[in-house]
Amino acid sequence: MDSGIDRLKEWIAESNNIVFFGGAGVSTESGIPDFRSVDGLYNQKWKYPPETILSASFFARNPEEYYRFHREKLVIENVQPNRAHKRLAELEAEGKLRAVITQNIDGLHQAAGSKNVLELHGSILRAYCSRCRKPYPAERMNHGEGVPRCDCGGVIRPDIVLYEEPLDQDIMSSALHYIRHADVLIVGGTSLNVYPAAGLIRYYRGTKLALVNLSETPYDGFADLVIHEKIGEVFSQV
Ligand code: CNA
């Protein structure tokens, strides 16, 4: 077994205060493309770049185009949690892992059985009216046609944080609390390019920060252990 993975396995075995912080790379092995890999959404052809379509001003101006992108690119059918999601859920059930903090909007950690999931960027499995805030099931937003509308006439929107919108402060403070008090912090499947989420790992104060990511990140030098391998494969060994 690889020595980096051995070390991570030891850290996990010895701790009951592990926190996981992840991103889109956690779900690529479930078949959901990330943003920045070669086959990620940023490298696929679309009329506008994803940062533009996924922005609050674009959504307000052009909800038709937003929903075309949403249904074609964000909603992926029949996806299942992979080995990383499942092992994280097991570690929580064993009383070893305190929280999963995720930038993902796909709900796969909960599908795997994780209970304490902090969704920094919301979820495409929830929707609400952008005018009166009435909650709606995600079904029509994710699978219908055209722009879904509320009884009040407002546009129904996904419960995700669009670019230009602030993150939920309660979720951010809670994430910060878990990271600050973690013994082992595992960061995985994230390019650590999207702020303010990426900056959270600077609040870690321990000496066991493991970074599991296929490609290099700006924080590789900040970590105590760096593993450049597929996260599902790593979690199947720890
Ligand atoms: P990103 O910027 O696309 O980075 C993903 C990182 O994961 C890259 O550095 C890859 O090298 C790495 N990676 C890809 N596959 C694996 C793997 N199997 N094992 C290990 N590493 C891997 O995504 P971030 O999450 O950092 O960026 C934040 C954005 C992306 C958030 O706002 C998300 O909401 C958004 N996003 C979410 C999803 C989802 O919910 N599944 C999908 C696509 C984008």
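Which residues are linked with Lys47 in a network of salt bridges? The network joins Lys47 to Glu65 and Arg68. The structure is a predicted model. Its chain is divided into domain 1 (1-32 + 81-121 + 167-238) and domain 2 (33-75 + 126-160). Six strands form an open sheet with parallel pairing, and the salt-bridge count is eight, while the disulfide count is zero.

**Domains**

- Domain 1 is made of the segments 1-32, 81-121 and 167-238, and domain 2 of the segments 33-75 and 126-160.
- The C-alpha centres of domain 1 and domain 2 are 27 Å apart.
- To the contact between them, domain 1 gives 11 residues and domain 2 gives seven residues.

**The sheet**

- The strand order in the open sheet is β3-β2-β1-β7-β8-β9, with parallel pairing.
- At the edges are β3 (117-119) and β9 (225-227), each of which pairs on one side only.
- From one strand to the next, the twist averages 15°.
- Strand β1 (residues 18-22) pairs with strand β7 (residues 184-188) in the parallel sense over five bridges; glycine 22 has glycine 188 of β7 as its bridge partner.
- The pairing of β7 with β8 is also parallel and runs over five bridges, and isoleucine 186 has alanine 210 of β8 as its bridge partner.
- Between β8 and β9 the parallel pairing runs over three bridges, and isoleucine 227 in β9 is the bridge partner of valine 212.
- Strand pairing of this kind is made through backbone hydrogen bonds, either parallel or antiparallel.
- β8 is mostly covered, with four of its five residues buried.
- Helix α1 (residues 3-14) lies across β1, β7, β8 (208-212) and β9. Relative to β9, helix α1 runs at about 125°.

**Salt bridges**

- By the rule applied, there are eight salt bridges, among them the three described below: arginine 68 with glutamate 65, arginine 87 with glutamate 94, and arginine 157 with glutamate 165.
- Side chains of opposite charge can pair when their charged atoms come close.
- Arginine 68 and glutamate 65 have their closest N and O atoms 2.5 Å apart. Both residues are in helix α4 (residues 63-74), and because they are three residues apart there, about one helical turn separates them.
- Within that pair, arginine 68 is partly exposed at 47% relative accessibility, whereas glutamate 65 is buried, with a relative accessible area of 3%. Both also belong to the network that includes Lys47.
- For arginine 87 and glutamate 94, the closest N and O atoms are 3.3 Å apart. Here arginine 87 is buried, with a relative accessible area of 15%, and glutamate 94 is partly exposed, with a relative accessible area of 47%.
- For arginine 157 and glutamate 165, the distance between the closest N and O atoms is 2.7 Å. Arginine 157 counts as buried at 8% relative accessibility, and glutamate 165 is partly exposed, with a relative accessible area of 26%.

**Histidine 70**

- Helix α4 also holds histidine 70, which counts as buried at 0% relative accessibility.
- Leaving aside neighbours within four places in sequence, histidine 70 is in contact with Val75, Ile124, Met141, Asn142 and Pro158.

**Cysteines**

- Why does the sulfur of cysteine 132 form no bond with the closest cysteine sulfur? That sulfur, in cysteine 150, is 3.7 Å away, which is too far for a bond, because a disulfide needs the two sulfur atoms within 2.5 Å.
- For cysteine 150, the closest cysteine sulfur is in cysteine 152, at 3.7 Å, and this too is too far for a bond.
- Cysteine 132 is partly exposed, with a relative accessible area of 42%, while cysteine 150 is buried, with a relative accessible area of 7%.
- The resulting count is zero disulfides.

Notes. Residues are numbered from 1 along each chain as its sequence is written. This is a predicted model: local features need pLDDT of at least 70, side-chain atom pairs count only at pLDDT 80 or more; totals for chains, interfaces and linings use all residues. Side-chain values use heavy atoms; hydrogens and water are left out. Buried means under 20% relative accessible area, exposed over 50%, partly exposed in between (1.4 Å probe, protein chains only). Two strands pair if DSSP finds at least two bridges between them. Helices (H or I, at least four residues) and strands (E, at least two) are DSSP runs, numbered from the N terminus. Axes are lines fitted to C-alpha atoms, for helices over the stretch in contact, and angles run from 0 to 180 degrees between N-to-C directions. Contact means heavy atoms within 4.5 Å. A salt bridge is a side-chain nitrogen of Lys or Arg within 4 Å of a carboxyl oxygen of Asp or Glu. Domain bounds come from an automatic or database domain assignment.
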